[in-house]
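Here is a short report on how parts of one protein chain pack together. Look at the structure first, then read on.

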Amino acid sequence: MKRPVAFWIAIGVGCAAGLGCAQALVRSITIRDQLGELLGRGHLLAVVDGNGIYQADLDRLDAESDYVAGVEESEPAKVKREAALTGLVANSVAEARGLRENVPEPALTGELNLLRFQFSDDKTWRSVLKKSGLSPASIARMLKNNFKAREWLAKKIATEVSVTDAECRQFYESHREQFFSPELRNVGHLFLAAPPETPPDVVETKRAAIEALSARLGAGENFAELAAQNSEDEATKLRGGELGYFSTKRMPPDFVEAATKLRPGEISKPVQTRLGFHILKLIDVRGPRQQTFGEVRGDIAIDLANQKREVVAERLLVDLPRNVDYLRPF
C-alpha cells in the first residue's frame, strides 16, 4: 500500500511543480515577448493586470487613426506612437477596473450599429475588420470592454466634478464682462439664394423675383405667408422667416445695416448680401444689458464642470499607465 501512496504523492508534487513552472512562464516577459513574435503579434509592449499589449495592437490603432483621418499609411513618428501606447495602456487599465460594470444590451447594440453604419455595406465592413485582424465577435467584445471602461471612468470622474453655487457665483462676479448682452434684434427674412458661384442669368432671375415679392408686400400681402410660400431658407420659412435674436456680429454687414434702419414691424426693401437676396422684417429689439446670475448660473455650472472633467481626465490619463506590470521602453 505504501508504494501506490508514494507514487500518487510523487505525481501530485510533479503536477504542482509543472503548474508552478507554467505560471512562471506565463508571467515571464521574455517568454511572452517571444510568443508574440511567433504568433505574429510582434514585441510585447506592456502588461496590464496580466493582459499583454503587443506591437500588432499599436499598429492596428495607427491604421484605424489613418483610416479615420483619410490619409495613406505612413510610418508614425516616435512621439505619436508613444502617445498611442500610453492611450492603449490607460484604456486597458480602465477596462480592468471596469470589469464589474454592467453593460445594457441595447446600449451595446446601439454602439455596434453606429460603428457598422459608418461603412457603406457589409462587405466593406468585414473587409476593414479583416484588415485590422478583427471579427464581428471580437469587435463586439472590444466595444463591451470599452463601454465598461467608460462607465468606470465616468463614475470615477463624477465624484470630482460637482460644482457648488459658491463656485458659480465667484466665477460670475470675476467674469461679469462675459455676461453682458449687447443689443439683440429678432428679424424675419424672406430669402432667395444667390451665392457667388451663381450664374449671372440666375442672379437676375432671383433679383426680379425678390422685387416682385417686395411689391406684393407693399400691396398688403402677409409677410409670414409669403415667406412660407417663397423663401429658400428651409430652416425659417415655416415660422414666418424668423431668425431669432442675434447680435450684429453674427450677420453679414449689409444685412445688419438694413436691419438697424428698421423699427419693429417695418419691412425692408430687397437687400443683397453675398448669400443672396433678402426682404427683412424687424420683429423686436432687446437693448444691451447685464445678464443676472440667475439667468446664467446653469451655463456657468456646465462650463465649470467641463473644465474640472478635463483636468481629472488628463490626470487619470497620466496616472493610469503607472498601474502596469510592465512597459517596454521605446
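Helix 9 and helix 10 are roughly antiparallel to each other, a label for angles over 145 degrees, where under 35 is roughly parallel, 65 to 115 roughly perpendicular and the rest oblique. Their axes come within 10 Å and cross at roughly 155°. Axes are lines fitted to C-alpha atoms, for helices over the stretch in contact, and angles run from 0 to 180 degrees between N-to-C directions. Helices (H or I, at least four residues) and strands (E, at least two) are DSSP runs, numbered from the N terminus. Helix 9 covers residues 200-218 and helix 10 covers residues 223-230.

This is a predicted model: local features need pLDDT of at least 70, side-chain atom pairs count only at pLDDT 80 or more, and totals for chains, interfaces and linings use all residues. Residues are numbered from 1 along each chain as its sequence is written, and side-chain values use heavy atoms, with hydrogens and water left out.

Which residues meet? Leu213, Arg216 and Leu217 in helix 9 touch Phe223, Leu226, Gln229 and Asn230 in helix 10. Contact means heavy atoms within 4.5 Å. The residues of this contact divide into four nonpolar, two polar and one charged. Ala, Val, Leu, Ile, Met, Phe, Trp, Tyr, Cys and Pro count as nonpolar, Asp, Glu, Lys and Arg as charged, and the others, Gly among them, as polar.

Now the core. The largest nonpolar core has 12 residues, including Leu213, Leu217, Phe223 and Leu226. A nonpolar core is a set of buried Ala, Val, Leu, Ile, Met, Phe, Trp, Tyr and Cys residues joined through side-chain atoms within 4.5 Å. Helix 9 gives the most to this core, with four residues. Leaving aside neighbours within four places in sequence, Phe223 is in contact with residues including Leu190, Leu217 and Ile279.

Two buried residues lie elsewhere. Buried means under 20% relative accessible area, exposed over 50%, partly exposed in between (1.4 Å probe, protein chains only).

| Residue | Place | Relative accessible area |
|---|---|---|
| Ser268 | loop between helix 11 (253-260) and strand 6 (271-273) | 10% |
| Cys168 | helix 8 (residues 165-174) | 0% |

Beyond its neighbours within four places in sequence, Ser268 is in contact with Leu262, Ile279 and Leu280. With the same neighbours set aside, Cys168 is in contact with residues including Val163, Phe293 and Leu304. The C-alpha atoms of Cys168 and Gly298 are separated by 8.7 Å, although the two residues are 130 apart along the chain.
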